[in-house]
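Colleague: I'm new to reading models like this one. Could you walk me through it?

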Amino acid sequence: MIAFVVGRLMQALPVVFLTSVAIFVFIRLIPGDPAVSIAGLNATPDQVEALRHRYGLDRPLVAQYLTWVGRVGQGDFGTAYASQQPISHLIMARLPATLELAIGAMVVTLLIGGPLGIISAIRPYHRLSRAVTLFNAVAIATPTFWLGILLVLLFGVRLKWLPPSGYAGITDEPGASLKFLVLPSFTLGIVGSAILIRFLAASISEALGADFVRTAHAKGLPERRVIGSHVLKNALPPVITVMAVQFGYLLGGAVITEAIFGWPGLGRLMLDAIKAREYLVIQGTMLVFVTTFIVVNVLADGCYAVVNPRLRETARR
Amino acid sequence: MAQAGVRSLAGPDAPIRARTVRGLAVRTVLRLVQSRGGIFGLSVLLGLGVVAIAAPLLAPHDPYEIGAGDQFESPSSTHPFGTDELGRDVFSRILFGARISLAVALASAWGAFLLALPLGLLAGYVGGVLDVAISRLFDTIFAFPSILLGIALVAIRGASLENIVLAVAVIYVPMLGRLTRISVMIQLGQEYVEAARAAGASGTWIVTRHILPNVLPPLLVQMTLVMADAVLLEAAFSFLGLGIRPPEPSWGVMLDTGRNYLAVAPWLGLFAGLAVTVMILALNALGDALRVALDPRRYAGTGGGATGGRHG
C-alpha cells in the first residue's frame, strides 16, 4: 500500500513540476508591471527600477523560477508586496476557514447523498427514487452561486434563522462559527450530493448485477447482508475516488461560495490577489491548490488500492 | 465539421458516405425525440435559440434603457420580471442574456473540440513520445481546479467574451482530448482497422474514414456537457466581476447585482439564476439522451452497425 502510494506520488511529480512552471509562466503573462503597481502612481522611474531589482523582477525568467521553487521547497513563498507579510503566513491564516468549509460541505454531501444514492439504486422504481432523480437533475444544473443566493434569501433574509454571511474562528467561538458554516456548507454540499448520488447509484446497480450477488442470494443470505457486505464493498471504491476529487475541489475551488458568504478562505485570498496583482501570492496559492489536488487524488488511488487488491497488481506491472 | 471531413476524403463513393452520415444524424434525432429527456432538452434549447435570435422582437423594452420603469418595480404585467436598480426591464435583459450564454456555450464547445481533436488524434494514433508529451500536457491542465484555471486565464487576458470562451475551451481540452485519445486507441485495436491496413489503406484514410466516425459520437455527448459548464462558468466569471461587465445583460452580471439587492428586490437574482438553471438542465438532458441515442452497443443490437449504411 505504502509502496503503491509512493509509486503514484513519483508518477505525479512531473505533473507537479509542470504545473509549477505553468503557474509561473501564467502569472508573468498577467498584463501590468508589478513593480509599477507596488511603487504607486507618484514613483520616479528610479524607484520603480529599485523595486524591480529588489524583488528580482529584472533577472532572467529561468533564474526567477529556480529561486522561487528553491524557496518554496523550504516553505518560503516570499512576501506579499503591499502588506509585506510572509505569504506562508497568509496561506496558513486562511487554511482553517477553507478546511472548515470543505469538511462541512463534505459532511452535508455524505449525509444527503449517501442514503439517497443507496435507496435509488436498490429500489429504482420507488416513489422516493423518482424524486431523487428529479432532485439530482435540478441540483446538478443549479449554479452554486444561485443556490447560495437562494439560501441566503430564504434562511438569512426572510426567516432570519441563520446569519446571511460572515465567519468566526472555530476555536474562538465554536457556536457562532457553526452557525456561519451551515449555509455555505449546504450550498456546496447539495451540489456535491447530486454528484455522489449519481456515482453511488450507478456503482451499486452495477454491483447488484454481478454473479456474486446471485450466489449470495442463492445461499440464502438476507437482503440486508447481501447489500451491506457484498454489494457496498464492491461498489464503494470508485465512489471514494470521485469523492476525493470532490474534496480536492472543495479545498481550492470554492471561490464563488467564499465570495457570496464573505468566507475568508484560500479562494478569496487568490481572488483578491488577482485583483491586486500580487504575483507571489497568486503563485503561492495556486501552487498550494494544485499540489493539494494532486496529492488528494493520489491518496484516493491509495484507498482504492486498499479495498481493491487487483489494482495493486496492475499498478506494479 | 465531421461530415465535411469525412466527405472530402471519401473519394469516389462520396455521395454514399455523405448519405450515411446524414442518415446517422437523422436516426439520432429520431431516437432523441423518443425519450422524454431528449424532447425536453431539444425543445427548451430550440426555444432558447429562438429567444436569443429574436430577442429584439420579443423584448418589450430596450435591455439597456435606463428608467424603462421605476427603480425596483416588482413583477407586474408591464414588467413581467420586475425592474432593476436602474429601472431597466429585467425580462428584456434576461431575453438578451440568452444570446450571451448561448454564444459562449457554442463557441467554447467548438473551441475545445477544435483544440482537443488534433491533439487527441496525434496522441492516440502516433503514440510514443508525442503521446507522452500530449498526455502530460492534459494532466497539467487537468491538475488545476477548473474555476481557478478559468479565473487565472481571464485575469491574464482581460475580461471579455472572447477570453471567457478561450478559458472555457482550454479547461475542457484535457477532457475531450483524453476521450479522443482513448477512443482512437480502442479503434486501433479493432480487427477492421487491421483489415483496412492489410488492404493497403493509408494512415490518413484509416483515421478519417474509420476512426473519426467512431470517435465523434462520444465527443459530441461530452460537448453538450462542455456547453452546460460554459454557461455556468460565464455566469460565474461575470458574477465574480472577472467576466462580462455591466451594463451588458449577462445572467452572471444580473445575479451579481441581484445579490446586492437581495432584501429589496429578490426577483433580480431569482430570474437570472432560473434562466441559467433551465439552460443547463436542458443541455444536461440533451447530453444524457444523446448518449443513449448514440450508444454503439445499441446500434449493434438493431443490426445497423457502427457505420450504419443500411438504414441510411
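Modeller: Sure, and keep in mind that this is a predicted model. One term to start with: a nonpolar core is a set of buried Ala, Val, Leu, Ile, Met, Phe, Trp, Tyr and Cys residues joined through C-beta atoms within 7 Å.

Colleague: Okay, so which helix gives the largest share of the largest nonpolar core?

Modeller: That core has 167 residues, and B:V231 is one of those with the most contacts inside it. B:V231 touches B:V276 and B:I280, among others further off in sequence. The largest share of the core, 20 residues, comes from residues 203–239 of chain B, that is, helix α10.

Colleague: Which element gives the most to the side of chain A that touches chain B?

Modeller: Chain A puts 35 residues into the contact, and chain B puts in 31. Several helices of chain A give two or more residues, including α6, α10 and α13. The top giver, with seven residues, is α1(A).

Colleague: Is A:A131 buried or exposed?

Modeller: You'll find A:A131 in helix α6 of chain A. A residue counts as exposed if 12 or fewer other C-beta atoms lie within 10 Å of its own. A:A131 has 12 of them, so this residue is exposed.

Colleague: And where does α8(A) bend?

Modeller: Start with the length: a straight helix of 35 residues would span 51 Å, but helix α8 of chain A spans only 43 Å between its end C-alpha atoms. There is a bend of about 30° in α8(A), with a proline, A:P184, following within four residues; the bend is at A:V182.

Key: Residues numbered from 1 in each chain as written. Chains lettered and ligands numbered in written order. Predicted model: local features only at pLDDT ≥ 70, side-chain atom pairs only at ≥ 80, totals over all residues. Contact = placed C-beta atoms within 7 Å. Buried ≥ 20, exposed ≤ 12 C-beta atoms within 10 Å, placed from the backbone. Expected span 1.5 Å × (residues − 1). Bend = angle between axes of the 7 residues up to and from the residue. Lists of a residue's contacts leave out its neighbours within four places in sequence.
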